[in-house]
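Let's take a walk through this protein from the inside out. Have the sequence to hand and the model open in your viewer.

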Amino acid sequence: MGTLAVVVALALSACGKSVTSGGASAGGSTAGTAAEKVYQQLNGLAADQQRAEAITQAKKEGTLELYTSLTDELVTPVKAAFEKATGVKMNVFRAASETVLQRALQETSANRTGNDAIETNFGEMGTLAKQGVLADYRGAAYASIPESGRFQGWLADRLNIMLPSWNTKLIKPGQEPRSWEDLADPRFKGKLTLELTDSDWYENVTKSWLSHGKTQAQVDDLWKRIVANANVAKGHTVMAELLGAGQTAVDGMNYSYITQTTADKGAPVAYRSADGIAHTVGFARPQGVAMMKGAKHPAAAWLFNDWMLNEGQKLLVSLGLTPSVKVEGDRSLEGVTLEPYDVQGLTADSKTWDDRYDRLLRGLKEIGGD
């Protein structure tokens with residue numbers, strides 16, 4: 001999220017557009033009108049008729065164009081399962097969330113929307129919603145999405161759980177961080193890695209500390225001592241690889257599914273202590289799925305959203321992710337205590353926190369780069 005404001009400005013300025021406050025679509029009025037008619041029709045059908053009609057129309061359209069920031073090892077099974085379930089071919093553009101956003105903004109601002117559906121981080125989804133380029137899915141699966149996962153123009157399809165992680169060979173049992181405050185302990189001097197763009201984590205931890213009675217001076221001191229222990233790296237997957245290889249000892253924050261995926265490959269990493277409990281309170285960041293108002297294949301876009309919020313939820317669980325709805329067999333939150341993720345605050349003012357986090361990390365050594 002650290003470069004979100006820059007991405008928005010660059011993407012829109014490249015097409016001679018200014019940032020809007022939401023409302024009117026920036027993404028092709030003719031295509032948008034045609035797509036929205038399809039969405040309205042499918043949303044309005046009886047629940048037991050929606051899927052079949054969407055498949056029929058999507059097959060006539062031919063393909064689904066998806067933009068996503070899902071990792072390669074996740075998007076491959078998602079693509080295969082969707083195509084098998086629906087018979088609709090999926091073309092995927094996969095990149096970092098900032099790149100996905102930039103491409104979508106440039107295309108919609110030029111009235112040539114290239115994708116039908118999008119699946120990416122909450123911050124990027126919020127930006128697209130403000131631009132008025134996303135359409136509302138109101139199929140049968142909508143009712144299963146909790147209120148906390150419903151947003152203007154998009155819905156949460158998965159949650160990224162923010163927790164510290166550690167190498168179990170380098171950090172002895174009982175010495176792992178059991179709170180965010182523990183990251184400031186001198187025992188982690190030179191052993192701690194922070195991610196360069198995790199300003200939303202910084203914001204959530206800061207506001208959590210303040211809400212639990214710490215003064216601003218105490219919070220500032222904790223962050224000063226955390227930074228004194230740390231190096232930085234770009235990308236959570238890179239951090240997990242370094243951690244698993246024993247090149248680092250503690251990740252200040254990584255997503256629990258990345259840590260677990262790394263552990264499942266045989267690496268000595270964990271986010272739960274030996275007692276099976278993640279003693280640090282985590283934050284669940286929503287990731288979202290949406291349909292584009294200017295989609296060239298709107299029935300396919302609607303179908304992907306419907307599938308992702310139904311069968312796709314079970315697939316996400318099998319891949320080790322945390323679904324946005326309750327799914328039998330999901331154990332991703334066992335032993336985990338969560339505090340609410342500050343969607344509202346970050347949506348309203350992410351740039352302030354981006355800037356503060358950038359200043360906080362200035363001068364730290366970057367590791368894991370080329």
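Helices and strands here are DSSP runs, numbered from the N terminus, with at least four residues for a helix (H or I) and at least two for a strand (E). Keep in mind that what you're looking at is a predicted model.

Let's begin with the largest pocket, which holds about 540 Å³ of space. It has 25 lining residues, and A96, S97, N121, G235 and H236 sit closest to its centre. Which elements supply at least two residues each to this lining? They are the helices α5 (97-109), α9 (236-244) and α10 (256-264), along with the strands β6 and β11. As for the chemistry of the wall, you'll find 10 polar, eight charged and seven nonpolar residues lining the pocket.

Now look for enclosed space. Searching the whole structure for cavities of 30 Å³ or more turns up one, and the largest cavity holds about 30 Å³. Its lining runs through A135, D136, Y137 and R138, then F151, G153, W154 and L155, and finally V289, A290 and N305. Two elements give two or more residues to that lining: β6 (154-167) and β11 (278-292). Sorted by class, the cavity lining comes out as seven nonpolar, two polar and two charged residues.

On to the packing. In soluble globular proteins, nonpolar side chains tend to be buried together. Here the largest nonpolar core has 94 residues, and the ones touching the most other members are I118, L134, L194, W201 and F304. α11 makes the largest contribution to this core, with eight residues. Apart from that core there is another one, made of seven residues, including L159, I161, L163 and A284.

I118 is a good one to click on. Setting aside residues up to four places away in sequence, I118 touches L66, Y67, V100, A104, M125, L128, L134, G288, V289, A290 and M292. Two of those names may ring a bell: V289 and A290 also line the largest cavity.

Last stop: H297, in the loop that connects β11 to α11 (298-308). Is H297 buried or exposed? H297 counts as buried because its relative accessibility is 16%, and the cut-off for buried is under 20%. Who keeps H297 company, once neighbours within four places in sequence are left out? The contacts of H297 are E61, T63, E65 and D116. Zoom in on that group and you can trace each contact for yourself.

Definitions and conventions:
Residues are numbered from 1 along each chain as its sequence is written. This is a predicted model: local features need pLDDT of at least 70, side-chain atom pairs count only at pLDDT 80 or more; totals for chains, interfaces and linings use all residues. Side-chain values use heavy atoms; hydrogens and water are left out. On a 1 Å grid over the protein atoms alone, a cavity is a set of points where a 1.4 Å probe fits but cannot get out, and a pocket is an open set with protein on both sides within 12 Å along at least five of seven lines; lining residues have an atom within 4 Å of a point. Grid points are joined across faces, edges and corners, and a volume is the space filled by probe spheres set on the points. Ala, Val, Leu, Ile, Met, Phe, Trp, Tyr, Cys and Pro count as nonpolar, Asp, Glu, Lys and Arg as charged, and the others, Gly among them, as polar. Buried means under 20% relative accessible area, exposed over 50%, partly exposed in between (1.4 Å probe, protein chains only). Contact means heavy atoms within 4.5 Å. A nonpolar core is a set of buried Ala, Val, Leu, Ile, Met, Phe, Trp, Tyr and Cys residues joined through side-chain atoms within 4.5 Å.
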